[in-house]
Amino acid sequence: MSRGAWWQDGVVYQVYVRSFADANGDGIGDLPGITSRLPYLTELGVDAVWLTPFYLSPMADHGYDVADQCDVDPLFGTLADADELLRQAHALGLRVIVDLVPNHSSSRHKWFQEALADPASAYRDRYLFRRAGPDGGPPNNWESVFGGPAWTLDEPSGEYYLHLFDSGQPDFDWRHPAVHVEWERILRFWLDRGVDGFRIDVAHGLYKQVDLSDNPPSGSQETTLFHAASMPHAWDQPEVVEVYRRWRQVLDEYDARVMVGEVFLSQLDKVARFVGADRLHQSFNFPLLVAPFEADAWRALITEALAAFAVEGASPTWVLSNHDVIRHPTRYGGGVAGGERARAATLTLLALPGAPYLYEGEELGLEQDEVPPDYRQDPIWQRSKGAVTGRDGSRTPMPWTADPPGYGFTAGAPWLPFGPQAAERNVATETADASSTLAFYRRALRLRRELTPDLGATVRWLDLPSDLLGFARTLAGRGELVCVLNATDRARDLAVVASSPLVTSGAGVFVGPEHTRIPARTAAWLLADV
Ligand code: NOJ
């Protein structure tokens, strides 16, 4: 297979900006900190970095409440720092994707401030203000993803405004033309500065059903991650794809830029409508975030994703963790076994066609941290008055060294405390240990980069017992790359004949003349003759 555009199979590393590296000692990660650590990312072997929002923000949702999408929050640096980060990343051959948050702004955004100051202002209609419902309460029954009603009363006017997330994140009215004009300006602002693409927050949002009528009583109790299922009038309206068609035209005026959407819908056929040659390049493929670590579930999800994203001008994505979910070693049971499962899962996904998205710290095998209640900051925790733990445990800072209290992340006091795992799971300790998770990620990513230009686009499933998983892709001139995964808790012999393993997620893989033995919770890449 000849290589297409970089994003089709590039490995993207998500940097949660607050938690990656703090250069100025205020305990919060910043752009100069990230710039200083770019060589770590090239050595890790990723192709691109995705930066979570670093724009001017009151931080009601840690930057996903944006007051000015074309300025940098002083906590994170300056526009000059952003330019310097881009310059140094590009010099190292790393692409940079930035986050856009078009569904809502901060309540401190100047438009919203104007809208509040004067109900007759031209800015009012750029948001969704409505009169109270017949009972004097909110205009409809919509709920915030973060808990509680999706409406907050603007007392002076007696009207409510809509916010599908925190009350500090009012939703734009995408039926207003000025919103479109403004977002095109924002796209060009960052494209002209040289970013390689955008991650689009809540990409299935933006438009709401035109008359904002009640959502049907929620029968669906799908995981709260997939909130769209229980609020069909608030998400995934037919008009939203038109926005991305227009944005794609804008991006296509530039070279090789990419848009990946956070389309948080559980049905991949619905997600797939967002991608293609005239819309988004990619969407996250989220069902794996809630799937059990079992071969048959994985085979079904991978098959479904490969089919759904087999769209001209798009490519599949693979993601196991991000800043909104429980880190996958913890989801897989935690401890030694959870870590083994997590590495096996990663190696399996890295063998597939498409773009893997990694979340900072997963290459260290970081588990979810237990953040003490006094330190929790997530608006989900605050809005639920402590009933829901929230996402802080996946957002604790990156441990670079084994030295408390800052672990090489900060010279000051970290904004969220480090958990006990930082003493062992940190970059310095793992760099010195050839059997560490970090060393495994480096080996796997190096090999993936080497093989990718020669790998066939098609996945051929091996005929294995249903609790094992195996697939092959042609490897030009060398036979086939075979990836096998034993997700079970005992060693298994597979009727797969291959040469010695190219890379494994753990020790003890044995390749014999008639079979291959894969230890429990282990994946391996093998080279097979055909
Ligand atoms: C999805 C982001 O990933 C999440 O962190 C944020 O809270 C919501 N969108 C709202 O912007």
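In this predicted model, Ser505 is tucked away from solvent: its relative accessibility is just 5%, so it counts as buried, the cut-off being under 20%. Ser505 sits in the loop between β18 (503-504) and β19 (510-511). Setting aside neighbours within four places in sequence, Ser505 is in contact with residues from several parts of the chain, namely Arg343, Ala344, Leu347, Phe440, Arg521, Thr522 and Ala523. By the domain assignment, domain 3 runs over residues 454-528.

Stepping back to the whole protein, there are 14 helices and 21 strands. The radius of gyration is 23 Å, close to the 24 Å that the globule rule gives for 530 residues, so the protein is as compact as a globular protein of that length. Along the principal axes, the C-alpha trace spans about 80 × 50 × 45 Å. Of the 530 residues, 61% are buried. Contacts tell a story of their own: among those with a separation of 6 or more, 68% are between residues 24 or more positions apart. As for the outside, the accessible surface comes to about 19600 Å², and carbon and sulfur atoms account for 52% of that. The protein carries 47 positive and 71 negative charges, and the mean positions of these two sets are 3 Å apart.

The chain is divided into three domains. Domain 1 is made of two stretches, 6-105 and 177-395, while domain 2 covers 110-162 and domain 3 covers 454-528. The centres of domain 2 and domain 3, taken over C-alpha atoms, are separated by 56 Å.

Ala355 is a good place to look next. This residue is in strand β13, which covers residues 355-359. With a relative accessible area of 0%, Ala355 is buried. Gly10 is 345 residues away from Ala355 in sequence, yet the two C-alpha atoms are 5.3 Å apart in space. Beyond its neighbours within four places in sequence, Ala355 is in contact with Trp7, Gln8, Asp9 and Gly10, and also with Gln282, Pro316, Thr317 and Trp318.

Arg188 gives another view, this time from helix α6 (residues 177-193). Its relative accessibility of 24% is why Arg188 counts as partly exposed, a class that lies between 20% and 50%. Val250 is 62 residues from Arg188 along the sequence, with a C-alpha to C-alpha distance of 7.8 Å. Once neighbours within four places in sequence are left out, the contacts of Arg188 are with Arg246, Val250, Glu253 and Tyr254. Val250 itself falls within the span of α7 (240-252).

Some spots stand out for their backbone geometry. Most residues other than glycine have a negative phi, and most peptide bonds are trans. Leu206 goes the other way, with a positive phi of about 70 degrees although it is not a glycine. Leu212 also has a positive phi, near 50 degrees. Leu206 is in the loop between β9 (197-200) and α7 (240-252), and Leu212 lies in the loop between β9 and α7 too. How do these leucines fare for exposure? Leu206 is buried, with a relative accessible area of 0%, and Leu212, at 8% relative accessibility, counts as buried as well. Then there is the peptide bond joining Pro404 and Pro405, which is cis, with omega at about 0 degrees. Pro405 is found in the loop between α12 (379-383) and α13 (427-431).

That second helix, α13, is where Thr429 is found. Thr429 is partly exposed, with a relative accessible area of 29%. Leaving out neighbours within four places in sequence, Thr429 is in contact with Ala402, Ala423 and Glu424. Thr42 and Thr429 are 387 residues apart in sequence, and in space their C-alpha atoms are 19 Å apart.

How values were computed. Residues are numbered from 1 along each chain as its sequence is written. This is a predicted model: local features need pLDDT of at least 70, side-chain atom pairs count only at pLDDT 80 or more; totals for chains, interfaces and linings use all residues. Side-chain values use heavy atoms; hydrogens and water are left out. Helices (H or I, at least four residues) and strands (E, at least two) are DSSP runs, numbered from the N terminus. The radius of gyration is taken over C-alpha atoms; the globule rule is 2.2 Å times the number of residues to the power 0.38. Buried means under 20% relative accessible area, exposed over 50%, partly exposed in between (1.4 Å probe, protein chains only). Contact means heavy atoms within 4.5 Å. Accessible areas come from the Shrake-Rupley method with a 1.4 Å probe; for residues, only the protein chains shown count as cover. Lys and Arg count as positive and Asp and Glu as negative; His and the chain ends are not counted. The place of a charge is taken as NZ of Lys, CZ of Arg, CG of Asp or CD of Glu. Domain bounds come from an automatic or database domain assignment.
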